[in-house]
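Trainee: I have just opened this entry and would like to learn how its descriptive terms are earned. Could you walk me through them?

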Amino acid sequence: MFLVIMSSMLWMIGCSPFVDNNQIEEISPVILWSITEGAEGKLRISTLVPPIYSEPKKILTQEVDLLKEGGKDFNLSYHREVKSGQLRMVFIEQELAKKGITSLMNTLFTDPDISQRLYIIIVNGSFDDFIKNQIKTQDVPGYLLYRLLKHYEYKKQGDMTIVNLHQFMKRYYSPYSDPVAPIFKVDKENFIYEGTAFFKNDKLQTNINKRNEQIFQLIDHNHHLKVLTIPELSITMGNVTSKTKMKLNLDYSTLSLNVELKGRIEEYRGKGDIDNLDQLAVIHQQIKSLFEKQTTELLKKMQNSEVDPLEIGTLTLGPFSKPMSEDEWSTLWANVKFNVTYELHIQPLTNVRK
Amino acid sequence: MFWKKLKIGHHFEKPEPQNTVLTIDSIRQILANMDDAEIIERRTNNDQMVMLLYIRTLIDQERLNESVMEPLLHCDLEEINECIATTKVSRIVTMEEGQQKLLTGSILLYEPMKNQWWAALLPNPLTRAIETSETETIMFGPKDSFSEQIDQNVTMIRRRLPSTSLKSERFSVGSVSKTEVVMMYLEGVTNPEFISIARSKLSTIDFDVFLDSSHVAAFMEDHYHSIFPQFQQSDRPDLCAFTLSMGKITFLVANTPFALTAPITFFHLFQSPEDYINRWLVASFLRLLRYVSYVLSLILVPIYVALATHHYQMLPMQVLFVLLESRTKLPFTPFWEAFLMLITLEIIKEASLRMPTKSGQVLGVIGGIVVGQASVEAGFASKILIILVGVTAIASFLVPNYLVTKSNTLLQFAFLFLANYIGMLGIVFGIIVILVHLNSITSLKQPYFAPLAHLYWRDWLDLFIRGPFHWMKERPEYLHTLQKWRTSQRRK
C-alpha cells in the first residue's frame with residue numbers, strides 16, 4: 001500500500017509540479033481568437049470576453065510579435081485571467097494565411113491547454129467588425145459560430161469543409177497531402193461560407209467557389225450531399241451520395257478518377273420533358289458531361305496551384321516499394337493527366353414514360 | 001495525570017472468584033437491595049421445605065404459578081426436580097452458575113434438608129410481534145423480520161432451512177451483559193476453517209457489555225480501523241437463510257434484531273434481498289445502478305470542486321457558461337461552497353433520523369426549500385451545486401447497507417479535500433487508496449475484495465450483475481465450500 005501511495009504521489013508530481021489556479025469565477029475562458037496581420041510584421045490578436053450572458057461583452061485586441069505574448073497581454077488589460085483552455089475556434093485573416101501560418105499552428109498545437117479539436121477558419125474580411133456588431137444583439141456571439149461549425153462537422157455532412165487543428169496539422173506534416181480549411185466572407189453584418197481554401201504547406205494558395213465546392217465535397221471522401229444544384233442544366237439533385245475510385249497508372253502519368261453518383265432529381269426547371277425516358281437519358285448525359293468537365297477543371301486547378309488536398313499522392317505508396325519524397329511527388333503531380341468518368345444512378349422525380 | 005491514574009487504579013478491587021459453593025447466605029447477599037428479587041418458602045405435600053429464589057421482572061409469573069408453585073404444593077415425590085412441570089431443570093452447585101441462572105430468567109429452588117440447588121428456566125417472554133423490516137424494505141418477498149428474542153430468530157431461520165445440517169452453537173459474550181450469541185452454519189457446506197476462526201474469535205472476546213450485534217462485530221472484525229464493515233448486518237431471516245445456504249456463517253445476538261453474516265466481500269454491501277426476487281435482468285440493472293450511485297455519491301460533488309477549481313477545460317462549453325454565470329457573484333470558493341452545503345445536508349440527514357416521523361415532512365420543506373432554494377437566491381451557493389448535492393443525497397440511499405451509506409460521508413469529505421488541492425488527480429489518488437485498502441482487508445480472514453482480487457471468474461455471475469439462478473448452480477468459489485454444487489444431480 002505504501003508503495004502504491006508513494007508511486008501515485010510521484011506520478012502526480014511528475015505530471016504537474018504546479019497546480020494552476022483555475023478558480024472558475026476568477027478566470028475568463030475564451031472560445032475564439034481572431035488573428036490578423038498587424039503593422040510591421042506583427043500579429044493583431046483579438047478575443048471576446050467574458051463568456052457570461054449577464055455581463056457586457058468586450059473585445060480585447062493586442063498587437064504583438066508572438067502569439068503567446070498576445071495571450072499574456074490580454075490578462076494585463078482585463079480584470080479576469082484570460083484562459084485558453086476552452087479555445088474552440090481560430091479565425092485567421094486570408095492575407096495572413098497567404099503568408100504562412102506554421103508558427104501559429106505549431107504554437108497552438110504544442111500548447112497543452114488548447115484542445116486539438118480547435119476549428120481553423122480562414123476569413124475574408126474583418127472578423128472583429130463582425131463580432132463588434134454581433135455583441136449588440138447576441139449574448140455570446142462566438143458560441144453560435146461554434147455551434148454552426150460543430151453542426152456541419154457532425155458526420156461530415158458535405159455542406160461545408162470543417163477542419164480542426166489536428167486534421168490540419170496531420171495533412172501539413174504528410175508528404176502526400178496538403179491542408180484545407182473553410183473560408184468565410186465576413187463583413188459587419190454577414191458571415192458567409194465561401195468554399196474551401198487550399199494550402200501548399202502552410203500558405204494559402206487558392207480557394208474554390210461554391211460550384212467547385214460541391215464537386216470537391218463529393219470526390220473528397222465519398223461524401224453525401226443533401227442538395228446538389230446544377231444551375232447550368234436547371235436541375236437540383238437531392239440525397240446525392242458518391243463513391244470515388246482513384247487510380248494512378250504505373251508510370252504515374254495519368255490519374256483515372258471514377259465517380260459513382262447516386263441521387264434523385266428533386267427539381268427541374270429546364271425545357272426538356274423528364275417524364276420521357278429518352279429525354280431523361282439526354283439529361284443524364286448532360287449531367288455526366290458537365291460533372292466530368294467540372295471535375296477535370298477542379299483537378300487542373302489543384303494541379304496548377306501545386307496542391308494535393310485529395311491526397312492523391314498516397315496512391316503511389318505500395319507495400320514493397322520505397323515511398324517517394326515530397327519533392328518527387330510534387331514534380332510528378334504537376335504533370336499528371338486526368339481521365340475523369342462519372343457513373344450516374346439517378347432516380348427521376350416522377351414515373352417516366354417509355 | 002498518569003500518576004493519578006495509577007493511584008486511582010489501586011483502589012479498584014479485583015472481583016472475587018465466583019466459583020465458590022452456592023449457599024443461601026451468599027445468594028441473599030447478592031440479592032440485597034434488589035427490590036425485584038424474591039425469596040419465598042413453600043412446603044410440599046410430603047412436608048419438604050423448598051426455598052424459591054428469583055428475580056420477578058425476569059421470569060414469567062404465570063408459568064411460575066402453573067409449572068412450579070402448583071406442582072410443588074401437590075408433590076409427593078422425593079426429588080423436587082421431578083415435581084416441576086418444565087423441561088429445563090438443572091442442578092447447580094457453584095455461585096457463578098447460580099448468579100447466571102438467576103439473571104437469565106431461571107428460578108432457583110433450594111432444598112435446605114438436602115442442601116441441593118435446582119434451576120428452572122422460566123424466562124419472561126417479553127417481546128414484540130414479528131414485524132416488517134424497516135431498514136431493508138422490499139416490495140415483494142417475505143415481510144417478516146427478526147425481533148429481539150434470539151430463540152425466536154433461530155426459529156425463523158430453522159423454519160426456512162429445516163435440515164439437521166443447520167448447526168447452532170451458543171456463546172455468551174460480555175462479562176456484565178452475558179449476551180447470548182448463536183452461531184449458525186450449514187455443516188458439510190460451510191468451510192470448517194471459517195467456523196473455527198469464528199469460534200475462536202467469539203470465545204476470546206473480552207468486554208463487559210454488548211447491546212447490539214454491531215458491538216460484537218467490532219470485536220470480531222479483522223480490521224476494526226477500517227471504514228468498511230466486514231460483517232453484513234441484516235434483520236431479514238430470508239437473507240440469512242440464503243447466505244447460510246451459500247456457505248456463510250450467521251451470528252444471532254440476543255436483544256437485537258440484527259444478525260451478522262460473514263465472511264462477506266465489499267460487493268455484498270450492494271446486494272439487496274430484492275435482487276433475488278426481481279427478474280434477473282431487472283435485478284442486474286438495479287444492482288449496476290447501485291454501484292453507479294455509490295460512486296456518484298462519493299465523487300460527484302468533489303468532481304464539481306475539481307472542475308470548478310482546476311479543470312475548467314474539461315467542462316462542456318454550454319455547462320461552463322452556466323457554471324460561470326452561477327458562480328460569478330458567489331462569496332465562497334467552490335470548495336467552501338461544497339463543504340458548507342454537504343455539512344448542511346448531513347445535519348438535515350441526522351436530524352431526520354432523530355425527528356418523529358410526522359415532523360419529517362417539515363424537515364423536507366426546511367431542507368429543500370429553505371436551505372436549497374434560499375441559499376441559491378441569497379447568493380451563497382450555485383444552482384448546479386444544489387442539484388449535485390441533491391443527486392448525491394439521493395444516490396447515497398441506494399446502497400442497501402446503512403453502515404456503508406454512513407461511511408460515504410467521511411469518504412466524500414476526504415475526496416473533497418483532495419479535489420480542492422490537486423483536482424482530478426486527487427480524486428484518482430483517493431480512488432486508488434480506497435481500492436488498495438479494500439484489497440488489503442479481510443472478513444473472517446477471507447479477502448474482502450474477492451472475487452475481483454483474488455480473482456474468481458465464476459463468482460462474477462453474482463457480482464455486478466445478478467445472473468439467472470440457472471447459471472448459479474455452484475456455490476461462490478471464494479467461500480471454498482465443502483459442497484460445490486447447489487443442485488442434487490451434480491452434487492458429489
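Mentor: Gladly; we will take one term at a time and set each value against its cut-off.

Trainee: Before that, how do you know how far to trust the model?

Mentor: This is a predicted model, and it scores ipTM 0.78 and pTM 0.81. For chain B the mean pLDDT is 85, with 95% of its residues at 70 or more.

Trainee: Which elements of chain B have the lowest and the highest mean pLDDT?

Mentor: Helix α1 (residues 2-11) of chain B has the lowest, at 48, while strand β9 (residues 249-253) of chain B has the highest, at 94. The pLDDT stays below 50 over residues 8-14 of chain B, and that stretch has 0 contacts in the model beyond near neighbours in sequence. Where pLDDT is low, the predicted coordinates should not be read in detail.

Trainee: What does each chain consist of?

Mentor: Chain A has 10 helices and 14 strands, and its C-alpha trace spans about 80 × 55 × 55 Å along the principal axes. Chain B has 15 helices and 12 strands, with a C-alpha trace spanning about 100 × 65 × 50 Å along its principal axes.

Trainee: How much of each chain counts as buried?

Mentor: In chain A, 50% of the 354 residues are buried. In chain B, buried residues make up 49% of the 492. The accessible surface of chain A is about 17600 Å², with 52% belonging to carbon and sulfur atoms; for chain B the surface is about 25000 Å², and 61% belongs to those atoms.

Trainee: Let me try a single residue. Why is Pro309(A) called buried?

Mentor: The cut-off for buried is a relative accessible area under 20%. Pro309(A) has 0%, so Pro309(A) is buried. You will find Pro309(A) in the loop between α9 (277-304) and α10 (326-333) of chain A.

Trainee: What does Pro309(A) touch, leaving out residues up to four places away in sequence?

Mentor: Its partners are Arg171(A), Asp178(A), Val180(A), Phe198(A), Phe216(A), Asp220(A) and Met302(A). Pro309(A) and Ser177(A) are 132 residues apart along the chain, yet their C-alpha atoms are separated by 5.4 Å.

Trainee: And how do you know whether Cys83(B) is buried or exposed?

Mentor: Compare again with the limit of under 20%. The relative accessibility of Cys83(B) is 10%, so Cys83(B) counts as buried. Cys83(B) sits in helix α4 (residues 80-83) of chain B. Setting aside neighbours within four places in sequence, Cys83(B) is in contact with Pro71(B), Cys75(B) and Leu77(B).

Trainee: Now to helices. What makes the pairing of α12(B) and α13(B) roughly antiparallel?

Mentor: Two packed helices are described by the angle between their axes and the distance between the axes. Helix α12 (residues 334-354) of chain B and helix α13 (residues 360-377) of chain B pack at about 170°, with axes 10 Å apart. Angles over 145 degrees count as roughly antiparallel, and therefore α12(B) is roughly antiparallel to α13(B).

Trainee: Which residues make that contact?

Mentor: From α12(B) come Met341(B), Thr344(B), Ile348(B), Ala351(B) and Ser352(B), and from α13(B) come Leu363(B), Gly367(B), Val371(B) and Ser375(B). Sorted by class, there are 5 nonpolar, 4 polar and no charged residues in this contact.

Trainee: What about the backbone: what makes Leu444(B) worth a look?

Mentor: Most residues other than glycine have a negative phi, and most peptide bonds are trans. Leu444(B) is not a glycine, yet its phi is positive, about 50°. Leu444(B) lies in the loop between β11 (442-443) and β12 (446-447) of chain B. With a relative accessible area of 1%, set against the limit of under 20%, Leu444(B) is buried. Lys445(B), in the loop between β11 and β12 of chain B, also has a positive phi, near 70°.

Trainee: Where are the cis peptide bonds you would show me?

Mentor: One joins Val49(A) and Pro50(A), with omega about -20°; Pro50(A) is in the loop between β3 (43-49) and β4 (58-64) of chain A. Another runs from Ala262(B) to Pro263(B), with omega near -10°, and Pro263(B) is in the loop between β10 (259-262) and α10 (280-309) of chain B.

Definitions and conventions. Residues are numbered from 1 along each chain as its sequence is written. Chains are lettered from A and ligands numbered from 1 in the order in which they are written. This is a predicted model: local features need pLDDT of at least 70, side-chain atom pairs count only at pLDDT 80 or more; totals for chains, interfaces and linings use all residues. Side-chain values use heavy atoms; hydrogens and water are left out. Axes are lines fitted to C-alpha atoms, for helices over the stretch in contact, and angles run from 0 to 180 degrees between N-to-C directions. Helices (H or I, at least four residues) and strands (E, at least two) are DSSP runs, numbered from the N terminus. Angles under 35 degrees count as roughly parallel, over 145 as roughly antiparallel, 65 to 115 as roughly perpendicular and the rest as oblique. Contact means heavy atoms within 4.5 Å. Ala, Val, Leu, Ile, Met, Phe, Trp, Tyr, Cys and Pro count as nonpolar, Asp, Glu, Lys and Arg as charged, and the others, Gly among them, as polar. Buried means under 20% relative accessible area, exposed over 50%, partly exposed in between (1.4 Å probe, protein chains only). Accessible areas come from the Shrake-Rupley method with a 1.4 Å probe; for residues, only the protein chains shown count as cover. pLDDT is the predictor's confidence in each residue, from 0 to 100.
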